[in-house]
Amino acid sequence: MTIEELRTAVARSLEQILTGTDADIPDAESIVIERPKSRDHGDYATNAALVLAKQVGRNPRELAAQIAEHLRDAPGIAEVAIAGPGFVNITLEAAAQGEVARTVVTAGANYGHTDTLTGQRINVEFISANPTGPLHLGHTRWAAVGDAIARVFAAAGGDVAREFYINDRGVQMDKFGASVMEAAHGRPVPEDGYHGAYITDLAAAIIAEDPDILDQPEADQLVAFREAAYAKQLRQQQQVLALFRTHFDVWKSERELHDSGAVERGLERLREQGHVFEEGGAVWLRTTDFGDDKDRVLIKADGEYTYFASDTAYYVDKRARGFDLNIYLLGADHHGYVNRLRAVAACAGDDMDANIEVLIGQLVKITRGGEEVKLSKRAGNIVTLEELVEEVGVDAARYTLTRYPADSPLTLDLETITRQTNDNPVFYVQYAHARISSVLRNAAELGIDWQRADFQPGALTHEREDDLLGKLAEFPRIVASAAELREPHRIARYLEELATVYHRFYDVCWVLPRGDEEVGDLHIARLWLCAASRQVLANGLDLLGVSAPERM
């Protein structure tokens, strides 16, 4: 019996108890089922009676007793007891608890998936970068966390699109082109331009492909270098992100927004809602109506569109593409954008609490031996995503970046996250997966076909087996809460707990037959339990974009 099945059983008991009364009958998803801290209190507990007692006008213990009476007739439940002011403690039959292993193995890669977000189309924009240089450490955190959030949304049933917004319009693009052009001529890069060895590399690559570019008039050269460098730098960003296992469904260009008429269409939508006004020759959006600290200019007095005009058009464009929820993951210096973007949604006639969400990520600092690592070999005074991956590997980088709440500052110690010891969380979790893989390989070498053998879940009666089955049963709830709260670090912490519970099981519960011992029901059942544990570890690591090695 899984937690979901137990939750449904409690919901059915409440339906029977409350039918005919004025009380609202809760749905199964709203019922809390938890593992008690003390195993003396059973396998699971629910506080449903305490939560509903006041609403239905009954004593909590009396309501708990009614729930218990119904649950005692449910298949798979061995014992039900009332505790404290109205908790219902539930003990499962060993076979019902052991069935969790079969459920996990049968579901395979889909175990942990839920339908909590089914029917929702969600756009997650988690990197917005200029194509004028390598992706840096700030982008790296969102590349890991944003991708993990998108994976968790998909596992919770959402229809998810991952989107990269390319800031390829404006003064910074001309400065970028001028920097590459000056480097191509061997001249100093403008002081307000882009610096770093990568600028020289770009210039050399462009000249190698098009030697005649230097013969063009300087005005034409500027455009040619800008566009060629743009294409190469964007391709480099895409290649590095692919290496980092971060995939984007949409690469949205700011230029394209303007060229396609999306900015004008967005402005028209805002005008229709009555929140656009003119003052001082400029066109404004009255965002103060919805919590912004000041109104925002869309079109300057000289007729030039502002960056904010692009932001508003981009939101309207996403809604026109059918996305119900639009999530923006922004850097630590973008707190001012939260109310601004929410106001845009409201000005467009949407519900700013339902259709838009802005998450702010905090800064990342890298240290080695207690000293901060500040300089990049190729990009001047930044640490790039590519260099971090070269230093620690994709798995260590992704796991460590997703292991902590994104709204908290983070310090990465390079020595710690590359250490292959149990005090390195990513190694600890991956080692648990590899250890189980070794057990299953050994079983195959002994000729034990556990998948075809008769699985007797009732054989799993040891306390450590019960702990492990309970932990496996929690995984769908962890995935659902990670999606609801936008906190993939919950999955990382769960995986570490699961690895600990598995190691404790393995230390006292011998899995394979020893010597001339015959293969029995307990061996087969424990192999199913091992396979289920490995599957959940793999599924959780996949949600974080981290590999699950079979050998280490």
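How many residues line the second largest pocket, and which of them lie nearest its centre? In this predicted model, the second largest pocket is lined by 29 residues. R7, E29, T116, R477 and A480 lie nearest its centre.

**The second largest pocket**

The volume of the second largest pocket is about 780 Å³. Three elements give two or more residues to its lining: α1 (3-18), β1 (33-34) and α18 (475-485). Of the elements, α18 supplies the largest share of the lining, 6 residues. Sorted by class, the lining of this pocket is made up of 10 nonpolar, 9 polar and 10 charged residues.

**The sheet**

β1, which gives residues to the pocket lining, also belongs to an open sheet of 4 strands. The order of the strands in the sheet is β1-β2-β4-β3, and their pairing is antiparallel. β1 and β3 (77-83) stand at the edges; each has a single partner strand, so one side of each is left without a neighbour in the sheet.

For β3, the pairing with β4 (residues 87-92) is antiparallel and runs over 6 bridges. One bridge joins A83 to F87, the latter in β4.

**Aromatic rings and charges**

The structure holds 14 aromatic pairs. One of them is formed by F277 and W284, whose rings are stacked, with 6.0 Å centre to centre and 15° between the planes. The angle of 15° between the planes counts as stacked because planes under 30 degrees apart are classed that way.

Are F277 and W284 buried or partly exposed? F277 has a relative accessibility of 14%, and it counts as buried because the cut-off for buried is under 20%. W284, at 21% relative accessibility, counts as partly exposed.

F277 also has a charged residue over its ring: R286 lies over the face of F277. A second arrangement of this kind involves R493, whose charged end sits over the ring of Y404. The table gives the distance to the ring centre for these two contacts.

| Charged residue | Ring | Distance to ring centre |
|---|---|---|
| R286 | F277 | 4.2 Å |
| R493 | Y404 | 5.2 Å |

Elsewhere, an aromatic cluster brings together four residues: F126, F164, F248 and W251.

**In brief**

F277 takes part in a stacked pair with W284 and has R286 over its face. β1 stands at an edge of the sheet and gives residues to the lining of the second largest pocket.

Terms used:
Residues are numbered from 1 along each chain as its sequence is written. This is a predicted model: local features need pLDDT of at least 70, side-chain atom pairs count only at pLDDT 80 or more; totals for chains, interfaces and linings use all residues. Side-chain values use heavy atoms; hydrogens and water are left out. Rings of Phe, Tyr and Trp (its six-membered ring) pair if their centres lie within 6.5 Å; planes under 30 degrees apart count as stacked, over 60 as edge-to-face and the rest as tilted. Buried means under 20% relative accessible area, exposed over 50%, partly exposed in between (1.4 Å probe, protein chains only). A charge sits over a ring if NZ of Lys or CZ of Arg is within 6 Å of the ring centre and within 35 degrees of the ring normal. On a 1 Å grid over the protein atoms alone, a cavity is a set of points where a 1.4 Å probe fits but cannot get out, and a pocket is an open set with protein on both sides within 12 Å along at least five of seven lines; lining residues have an atom within 4 Å of a point. Grid points are joined across faces, edges and corners, and a volume is the space filled by probe spheres set on the points. Ala, Val, Leu, Ile, Met, Phe, Trp, Tyr, Cys and Pro count as nonpolar, Asp, Glu, Lys and Arg as charged, and the others, Gly among them, as polar. Two strands pair if DSSP finds at least two bridges between them.
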